[in-house]
Amino acid sequence: MIFMANLKCNHTRKSFEEYAQILDESLKDENVFVFPPSSAFLEGSFKFKQAAQNFYPAKNGSFTGEIGQDMLDEFDIKTVLIGHSERRAIGESEEQLKAKFEYAKKEGFKIVYCIGENEEIFEKGKTKEFLKSQLENIDLDYENLIIAYEPIWAIGTGKTASSEIINDVLNYIRNFSKSSLLYGGSVNEKNIATISKIKNCSGVLVGTASWDAKAFLKLINSAKEMI
Ligand code: PEP
């Protein structure tokens with residue numbers, strides 16, 4: 001099972017050093033990815049893979065405030081997140097997402113591509129057609145692609161999607177792609193056991209419940225007991 005921790009805009013370099021040390025002392029061979037803020041990237045090798053929450057689709061250049069590939073390479077980062085709803089919400093367009101995807105694919109990055117509907121679409125029963133449209137811009141046959149289904153109404157709300165919904169949506173996405181499929185949205189130590197049993201679910205993308213290293217380890221251990 002894949003476990004991904006999206007630390008979002010939390011942790012300084014100092015606190016992330018402590019976080020990394022706690023994880024490193026306890027992890028064995030679990031498949032764990034951690035996305036710290038880019039200002040907290042660490043040098044060195046860890047039992048988890050360090051990954052990027054965001055990047056600009058260029059090696060370097062005159063892109064004020066952005067992080068290019070050179071800056072990811074410095075920390076040996078080979079995995080990037082694209083399409084997170086919190087970035088879409090601040091204006092990242094489908095065009096920009098497509099440019100990021102094309103760049104990351106060309107450079108061979110592992111891409112974690114996030115899709116998910118808002119509450120209104122969910123309530124109208126239009127989730128599947130919406131998700132299909134979100135997948136139109138990307139190469140679903142890219143061998144290094146992971147798709148994360150993250151309903152917006154479940155992110156940071158404590159309102160996890162039910163197993164039936166996750167199962168139904170992941171089965172639907174499976175019609176388009178052979179990639180590993182993740183679920184994200186208020187995953188925690190208590191609901192991970194149920195989520196880990198869903199057929200097409202290869203793992204989870206965790207926000208809030210991953211910000212404390214010990215809590216994230218507990219979540220991983222709860223899932224392992226079920227596998
Ligand atoms: C996320 O932001 O990707 C996420 C899943 O957050 P949370 O676990 O807090 O819902």
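User: Before we look at any residue, what does "buried" mean here?

Analyst: Buried means under 20% relative accessible area, exposed means over 50%, and partly exposed is what falls in between. Keep in mind that this is a predicted model. Now take Glu-30: its relative accessible area is 9%, so Glu-30 counts as buried.

User: Okay, where does Glu-30 sit, and which residues is it in contact with beyond its sequence neighbours?

Analyst: Glu-30 is in the loop between α1 (13–26) and β2 (31–35). Setting aside neighbours within four places in sequence, Glu-30 is in contact with Lys-47, Ile-220 and Lys-224. There's also a polar contact to look at: the Glu-30 side chain reaches the backbone nitrogen of Lys-28 at 2.5 Å.

User: Let's zoom out. How many helices and strands does the protein have?

Analyst: Nine helices and eight strands. The radius of gyration is 17 Å, close to the 17 Å that the globule rule gives for 227 residues, so the protein is as compact as a globular protein of that length. Along the principal axes, the C-alpha atoms fill a box of roughly 45 × 40 × 30 Å.

User: And what share of the residues is buried?

Analyst: Buried residues make up 48% of the 227. For the surface, think about which atoms it belongs to: the accessible area comes to about 11,000 Å², and 48% of that belongs to carbon and sulfur atoms. You can also read the fold through its contacts. Of those between residues at least 6 apart in sequence, 68% join residues at least 24 apart.

User: On to the ligand. How many residues surround it, and which are the closest?

Analyst: The ligand is surrounded by 14 residues, and the closest are Lys-8, Glu-150, Gly-156, Ser-186 and Thr-208. By class, the shell splits into four nonpolar, eight polar and two charged residues.

User: Which polar atoms should I look at around the ligand's oxygens?

Analyst: Start with Glu-150, where an N or O atom of the side chain is 2.7 Å from an oxygen atom of the ligand. A polar side-chain atom of His-84 lies 2.8 Å from a ligand oxygen. The backbone takes part in this list as well, with a polar backbone atom of Gly-207 at 2.8 Å from an oxygen of the ligand. As for cover, the ligand on its own has 290 Å² of accessible area, and the protein covers 99% of that.

User: Lys-8 was on your list of closest residues. What is its phi?

Analyst: First the general idea: most residues other than glycine have a negative phi. Lys-8 has a positive one, near 50 degrees. Lys-8 lies in the loop between β1 (2–6) and α1, and with 14% relative accessibility it counts as buried.

User: Where else should I look for a positive phi?

Analyst: Try His-11, which is not a glycine yet has a positive phi of about 90 degrees. His-11 is also in the loop between β1 and α1. Its relative accessible area is 25%, so His-11 is partly exposed.

User: How do I read a loop residue such as Ser-210? Is it buried or exposed?

Analyst: Check the accessibility, then the contacts. Ser-210 is in the loop between β8 (203–206) and α9 (213–226), and it counts as buried because its relative accessibility is 0%. Leaving out residues up to four places away in sequence, Ser-210 touches Ala-5, Asn-6, Leu-7, Tyr-19 and Phe-216. You can also compare sequence with space: Ser-210 and Ile-220 are ten residues apart along the sequence, and their C-alpha atoms are 9.8 Å apart.

User: Can we do a helix residue too? Where is Gln-134, and what does its side chain reach?

Analyst: Gln-134 is in helix α6 (residues 127–134). The Gln-134 side chain reaches the backbone nitrogen of Gly-116 at 2.9 Å. Gln-134 is buried, given its relative accessible area of 4%. Beyond residues up to four places away in sequence, Gln-134 touches Arg-88, Glu-94, Tyr-113, Ile-115 and Gly-116. Gly-83 is 51 residues from Gln-134 along the chain, with 9.2 Å between the two C-alpha atoms.

User: Last one: what does a polar side-chain atom of Ser-196 lie 2.8 Å from?

Analyst: The backbone oxygen of Ala-193. Ser-196 is in the loop between α8 (192–195) and β8, and its relative accessibility is 15%, so Ser-196 counts as buried.

Technical notes: Residues are numbered from 1 along each chain as its sequence is written. This is a predicted model: local features need pLDDT of at least 70, side-chain atom pairs count only at pLDDT 80 or more; totals for chains, interfaces and linings use all residues. Side-chain values use heavy atoms; hydrogens and water are left out. A residue is near a molecule or strand if one of its heavy atoms lies within 4 Å of it. A polar contact is a pair of N or O atoms within 3.5 Å; within protein, one must be able to donate a hydrogen and the other to accept it, and residues adjacent in sequence count only if both atoms are side-chain atoms. Accessible areas come from the Shrake-Rupley method with a 1.4 Å probe; for residues, only the protein chains shown count as cover. Ala, Val, Leu, Ile, Met, Phe, Trp, Tyr, Cys and Pro count as nonpolar, Asp, Glu, Lys and Arg as charged, and the others, Gly among them, as polar. Helices (H or I, at least four residues) and strands (E, at least two) are DSSP runs, numbered from the N terminus. Buried means under 20% relative accessible area, exposed over 50%, partly exposed in between (1.4 Å probe, protein chains only). Contact means heavy atoms within 4.5 Å. The radius of gyration is taken over C-alpha atoms; the globule rule is 2.2 Å times the number of residues to the power 0.38.
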